[in-house]
Amino acid sequence: MNERAPFTGRAGEISLLNKKFEEAVNSKGSTIIISGEPGIGKSRLVEEFLKNIGKNSAEILRSEAIPSTVSPFIMFSKALEPYIEEPLFREQEYISFNQIFAIDRTGVLVAKSTPKDEEIDPDIFAGMFSAVQDFIRDSFSNSKAKGLGRLDYGDMKILIEHGEHLFLTAIFKGKEHPEMKKELRRTMERIEVKYGNVLERWGGKMEEVRPIQNEIRFLADRRFLVRRELEGVKLENERIKIADQILEILKSISEKNTIVLLLEDVHWADESSLFVMQYLARNILDERILIIGTLRVQEGETGQEYMEKMREEGTISDMKLEEIGKESMQKIIDELYPENSFPEDFMARIIDKSEGNPLFMIEFMRNMEEDGDIEKRDGGYVLTSEVYSIPDTLEEIVEKRLENLDMGSMMLAEYASCIGREFDKNIMVSAIESESVMRRLSSSGIVVFNDGKGEFIHGIFQEVIYNGIKPRWKQIYHRSIGRYYESEYMGREDEVIYDLARHFSYTNEYEKAFDYSLKAGEKAESTYAAEQAIGFYEQALNLLENIRDGERIKMRGEILERVGDIRMLIGDYNSAIEEYRNALDMERSPERKAVLYGRKANALEKKGDFESAMENCRTGLEILGKKTSPEKAALLIKIAWIDYRNGRYDEALRIVGDALGIAEDLDYRELIALASHTQGSIFLNRGRYDDSLKSFHRALEIREKLDDEWGMALTLNNIGNVFRTLGWMDEALRTYSRSLALMEKVGSIYGQAALHNNLGLIFHFKGDLENAVAEYEKILGITRSIGDSYGMALSLSNMGNAMEDRGELEKALEIFEEGMAIQKEIGDREGEATSLSNIGNVMHEMKRYEESIAYNSRSVEMMRGMGDPRGISQSLKNLAVSYLGAGMYAEGMKSVDEALKLSSEIGAKSIEGAACWVKAAIYRRTKEWVGSEEWFERSMEILDTDEGVDRTALAKGLYEYALLFDDVGRKDDAKKSLERSLSMFESMGMTLWADRCRKAMEELR
């Protein structure tokens, strides 16, 4: 039999792949997904395509996902491994002990160790050492002083572990990792066991205790992963940074040659890899990159979901491989078994049973050949037995093939299957010393070895073998593999922590499996591989059922809280609430309980359940009692924020003031900054701009001292919002630019989009519509690249407003409708309601008053449904303008009165001022001159101030006021008002309104 099966029956597919490659060569990249059942020929098709284009024509990168994979972003880290020196992503920083020293009962230093880059100032060390000695003497004189002690010395933290003969002391800065105190204790116990007798009779000679020096030096080299603070983190943003890094690497490689990136078995890929794949598919359309993914149909729920998302976005092409025809199947047989004389009915049965699946047919015939039912005679192949049965599934054929393996080869195949489809040959050597067994397995054709790596010829073999291993042997294999990793990576277990967690989780070494699972969860969490982190943490929780160690059991509540935090990160708020609830049942500390109630409140607020969120905050406050604490201040800030979001501004200001007072008493700078920032936001909404700026500047000053760049960016953005509201556009522009620079520095994609939006609004307001549109286009580019539908709709809305102001009404209408279609699709009801109002306004300008009323009425209805007082009042004001245009004055008056009442109640000065001139305009149309002038004056009192609440509303009000002056014969006043209005419209680039002013001025003459 020819070992290599022929390639046939896929001419059309090869042609399409060649076409896609040629397009990529010409900077028209794409992503194509080849799908089909196992054995249908997906990998063989790609292999033939790659052989055809040749290595000189393309840079070929390849990787595959496997069902047992646990490493985040594994598909891309593997594909790019030969091209990068640094990891694809940097985990959060690690913390180590700055100084470690052992002190005997008399306070004499026995040994010390300091990492080279962590030397402590000698004076600081001397003072700290003296404090530790005093602590030790007090402890030794008190028989009750046992276990771990803690001291704070400036910004240093000191852990002190009490042994029988000495104290082991470790000093560090920053956040403590739970593993630090455990490692300190383990080191102490090891020293006492191994060197206790030496210490008992020690006379001060340092060479006698040198081994202790080595023990603590090893501890000083340990690194502990610092856990990220997840509150306020946007998961998509962090993953986008990694995805964009991968894109930049690919683009750099593609400068020399077109890239073909082959990702096999994407149905098994981890969520983080799939996210990157979706991002790349969106952003390689103008690059010399072709991505080919292979996919099994109906396998891997998450993988299938991502493929569907990409289909909806239109960023992938599907190539579904159907069964190949009977002629092609016949050709495969004839080429594998040349000069055969197989009976026609035999050939027909095999071809029919195979249903066009080449692997099924090939493996079945290999089984027959191994059983002696097919033999080579006289230069050709013959069927030697008429007694044969054809299995129903490919799995049965594979099982039959495996029966022919000898016991040693089968055990080695089982061992390999526990690693995955691919494996390191060195691990196999550690399991079995006999090279002959490895050669026999290789000669079976089930596994191939090359360059120190082994691989099953098809994933179906690895799956069938692994699923067939008896539980006892599976445990033995996984334990052996885990111990191999421990031995090979001693001291740097972090490099293979995912593998250690996976393999030991199948064993009965529960404590070890728990520790590795916990560390794997931490590492996955640090790389924002949220789903994997949850999996490892839940694995750790399950392992606790078999653990009797008290210290580990105490960690259940902490792990539950971590899972809750990550579920918050992925938007699974209901599950997060349940995790926090379970963690609360485990917690006894009032402060920790208060924190957990605050986290529950966050989840409930995200769900829109403000009442329950408020209730949880109050429960947390009750638990804390009257004692002031950071936890109390944090809960009060949350309550104030909930009140603010629900329009209870005065109550929000009172409560955030209480929180600020507590934070100041405690001198807790982070909370002072947060409370001041929140206070500034409420003042801004209330129209108290001086107070708002004062609060924001205080928050900014503290955040600058804390080097909190993210917080600085947020506060600067809000200061820019105050300046914009006041009409101080140059100050706003400078402040937004500072914020944007910080957002770029911290890598906040969403923050950058928001700042480009704000810059666009400033340019728009200043009448620089060209730069405004350029900023909106930047947002559109960013949001499209990251798949941010909400941001895309927002940028389209702003562009529509710019087009309307330029008088390009048809274009504006088209853009508004495009944005609204996106908002409907993503369920953004507030955005949809705003778009309805925008379209209504354009309809009004086009004098399509009936349609204008319909759109604005729907906007009011939607805003009422959401309970948004600001949105309701804005839409009501716009509806009143629609009625005004249609001559429906009674209806207009009813709408504008409600808008005035609401806007006054919530302090929305811009809306209130605009509503005043709309009411004045209705009075003018009904020739009620006195009432009209009264409401125009009220409008000017609100809008025509140094603060410049809304220049657009003011300019329109001045135009309408001029018409009243003209009606009552006050031509000079009308002219002055029109001249001022015209100047404002021209400066803002509002062509349509500027033309109206000019026309009115012509008519005055």
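Which residues have the most contacts inside the largest nonpolar core? They are Phe342, Phe346, Met365, Ile374, Phe514 and Ile559, in a core of 129 residues. This is a predicted model, in which local features need pLDDT of at least 70, side-chain atom pairs count only at pLDDT 80 or more, and totals for chains, interfaces and linings use all residues. Residues are numbered from 1 along each chain as its sequence is written, and side-chain values use heavy atoms, with hydrogens and water left out.

**Nonpolar cores**
- A nonpolar core is a set of buried Ala, Val, Leu, Ile, Met, Phe, Trp, Tyr and Cys residues joined through side-chain atoms within 4.5 Å.
- Helix α28 (residues 649–666) gives the largest share of the 129-residue core, with nine residues.
- Apart from this core lies another, of 77 residues, including Leu261 and Leu876.
- Beyond its neighbours within four places in sequence, Ile374 is in contact (heavy atoms within 4.5 Å) with residues including Tyr337, Phe342, Glu369 and Thr384.

**Helix α32**
- Helices are DSSP runs (H or I, at least four residues), numbered from the N terminus.
- The 18 residues of α32 (residues 729–746) should span 26 Å at 1.5 Å a residue (times one less than the number of residues), and its end C-alpha atoms are 26 Å apart, which agrees.
- Buried residues (under 20% relative accessible area, 1.4 Å probe, protein chains only) of α32 include Met729, Tyr736 and Met743.
- Seen down the axis, the buried residues fall within an arc of 165 degrees (directions from the axis to the C-beta atoms), so they line one face of α32.
- They pack against α31 (709–726) and α33 (749–765).
- On the other side of α32, Arg734 and Lys745 are exposed, meaning over 50%.
- Gly747, just after α32, takes a positive phi of about 80 degrees.

Conventions
Helices (H or I, at least four residues) and strands (E, at least two) are DSSP runs, numbered from the N terminus.
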